[in-house]
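This briefing goes through one structure by topic. Please look over the sequence and the model below before reading on.

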There are 2 protein chains.
Amino acid sequence: MSPEHNSTRHDRDSVADVALALLDEVGLADLSMRRIAGRLDVQPSALYWHFSSKQELLAELSDRITAPLLRAVDDDVLPLARRIRDALFAYRDGAELVLSSAALGLGSAHAQTALEHALRRADADSPYDRAVALMHFILGHSTLVQQRMHADSYGATASGVGDDATAGLDRVFDLGIAAIAGLERIRS
Amino acid sequence: MSPEHNSTRHDRDSVADVALALLDEVGLADLSMRRIAGRLDVQPSALYWHFSSKQELLAELSDRITAPLLRAVDDDVLPLARRIRDALFAYRDGAELVLSSAALGLGSAHAQTALEHALRRADADSPYDRAVALMHFILGHSTLVQQRMHADSYGATASGVGDDATAGLDRVFDLGIAAIAGLERIRS
């Protein structure tokens with residue numbers, strides 16, 4: 001099979017489509033280039049016609065996961081933060097994947113940029129630093145909650161973790177967002 | 001080799017010692033029970049005399065990573081938060097490991113308990129919720145920064161991420177901690 005044949009049969013978009021569907025099935029730890037290639041019925045080397053590295057492919061998936069935020073340009077900070085969290089929850093291990101791409105400085109910063117704009121509209125001081133801090137909080141919170149939900153789904157959490165321990169998580173999320181955005185201070 | 005022989009040769013502590021040293025060498029993704037057993041020169045099944053699951057072993061490692069916080073009972077919130085971050089940084093993938101154990105409700109909550117006590121001493125309202133939110137922020141921030149530092153060490157971050165992008169991270173950390181703790185509000 002020639003590389004030309006592969007590259008016409010699959011384009012960058014269709015590789016990313018398959019990888020994102022596979023993420024939902026197997027999770028981030030098992031999302032290997034070999035497995036993605038197998039699903040596309042090509043050799044792993046064929047994927048490198050479209051993505052120079054696995055990190056570049058994961059960055060594309062990160063952009064797709066956060067793409068809904070491109071339509072949230074007029075949201076205020078708290079509804080926007082909730083929308084970011086929900087976008088991360090929409091794919092298995094979505095929070096962990098977006099966190100890892102952000103750590104490497106790869107992928108677009110849709111979510112952080114939207115937060116910074118919302119903070120500027122609210123006249124927050126240090127809007128850039130606050131947007132970064134908000135992203136770190138949202139990513140930490142969402143990664144932890146998503147891992148807990150996944151473990152709950154097959155009964156792997158410790159006894160006592162569950163309804164009681166998760167009931168307060170939305171309240172903790174809102175408190176953290178309002179505090180970092182400076183909204184708590186403005187209100188008081 | 002009888003199980004009795006294994007269990008006298010290695011106790012729970014020595015298995016955890018070896019696992020923690022191996023974490024630093026190979027990272028969390030490659031820290032398998034098979035590899036830990038190999039280092040101890042026993043069959044993987046022998047590990048289950050001491051830990052009922054890999055999750056239980058990881059929870060023990062999480063407790064060891066956060067053990068320095070047991071000596072930080074009198075710290076104020078910001079120095080305590082920095083001490084937690086530094087404890088996570090002391091082991092490769094320390095932040096990610098502690099985040100995963102916390103997600104499953106496993107391991108001791110040394111760090112969160114110390115934060116809650118510090119918040120109570122500072123008369124913060126909602127000290128429990130703020131302690132949870134602080135942990136989510138510290139874990140998200142530290143996981144991201146630790147992944148970036150590791151990638152930097154072998155040149156895997158995108159160009160432009162590096163000195164400039166990381167210079168502000170300590171400032172972002174302090175801002176996030178002060179805001180979530182309610183210290184920002186108190187000061188203003």
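In helix 7 of chain B, the buried residues are B:Gly94, B:Ala95, B:Leu97, B:Val98, B:Leu99, B:Ser101 and B:Ala103. The model is a predicted one. The points below start from this helix, move to the contact between the chains, and then turn to chain A and to His110 in each chain.

**Helix 7 of chain B**

- Seven of the ten residues of helix 7 of chain B are buried, so this helix is mostly covered.
- Within chain B, the packing partners of the buried residues of helix 7 are helix 2 (12-26), helix 5 (54-66), helix 6 (77-89) and helix 9.
- From the other chain, helix 9 (127-153) of chain A also packs against the buried residues of helix 7 of chain B.
- B:Gly105, just after helix 7 of chain B, has a positive phi of about 70°.

**Contact between chain B and chain A**

- Chain B contributes 36 residues to the contact, and chain A contributes 36 residues.
- Three residues, B:Asp129, B:His136 and B:Leu144, account for 19% of the area that chain B buries against chain A, which is more than any other three residues supply.
- Together the two chains bury about 3100 Å², and carbon and sulfur atoms make up 65% of that area.

**Polar and charged pairs across the interface**

- Two salt bridges are found across the interface of chain B and chain A.
- One salt bridge joins the side chains of A:Arg171 and B:Asp129, with an N to O distance of 2.6 Å.
- Ten residue pairs are in polar contact across the interface, counting pairs in which both residues have pLDDT 80 or more.

**The side of chain B that touches chain A**

- Four helices of chain B each supply at least two residues to this side: helix 7 (94-103), helix 9 (127-153), helix 11 (169-181) and helix 12 (183-187).
- Helix 9 of chain B gives the most, with 14 residues.
- Sorted by class, this side of chain B holds 18 nonpolar, eleven polar and seven charged residues.

**Chain A as a whole**

- Chain A has twelve helices and zero strands.
- Along the sequence, the pattern of chain A reads α-α-α-α-α-α-α-α-α-α-α-α.
- Of the 188 residues in chain A, 52% are buried.
- Among the contacts in chain A with a separation of 6 or more, 69% are between residues 24 or more positions apart.
- The exposed area of chain A is about 8500 Å², with 49% of it supplied by carbon and sulfur atoms.

**His110 in each chain**

- B:His110 lies in helix 8 (residues 110-121) of chain B.
- Is B:His110 buried or exposed? B:His110 counts as buried because its relative accessibility is 16%, and buried means under 20%.
- Not counting residues up to four places away in sequence, B:His110 touches B:Asp63, B:Thr66, B:Ala67, B:Leu69 and B:Leu70.
- In chain A, A:His110 is placed in helix 8 (residues 110-121).
- A:His110 has a relative accessibility of 15% and therefore counts as buried, given the cut-off of under 20%.
- With neighbours within four places in sequence left aside, the contacts of A:His110 are A:Asp63, A:Thr66, A:Ala67, A:Leu69 and A:Leu70.

Conventions:
Residues are numbered from 1 along each chain as its sequence is written. Chains are lettered from A and ligands numbered from 1 in the order in which they are written. Side-chain values use heavy atoms; hydrogens and water are left out. Contact means heavy atoms within 4.5 Å. Buried area is the accessible area (1.4 Å probe) that two parts lose on being put together, summed over both. A salt bridge is a side-chain nitrogen of Lys or Arg within 4 Å of a carboxyl oxygen of Asp or Glu. A polar contact is a pair of N or O atoms within 3.5 Å; within protein, one must be able to donate a hydrogen and the other to accept it, and residues adjacent in sequence count only if both atoms are side-chain atoms. Ala, Val, Leu, Ile, Met, Phe, Trp, Tyr, Cys and Pro count as nonpolar, Asp, Glu, Lys and Arg as charged, and the others, Gly among them, as polar. Buried means under 20% relative accessible area, exposed over 50%, partly exposed in between (1.4 Å probe, protein chains only). Accessible areas come from the Shrake-Rupley method with a 1.4 Å probe; for residues, only the protein chains shown count as cover.
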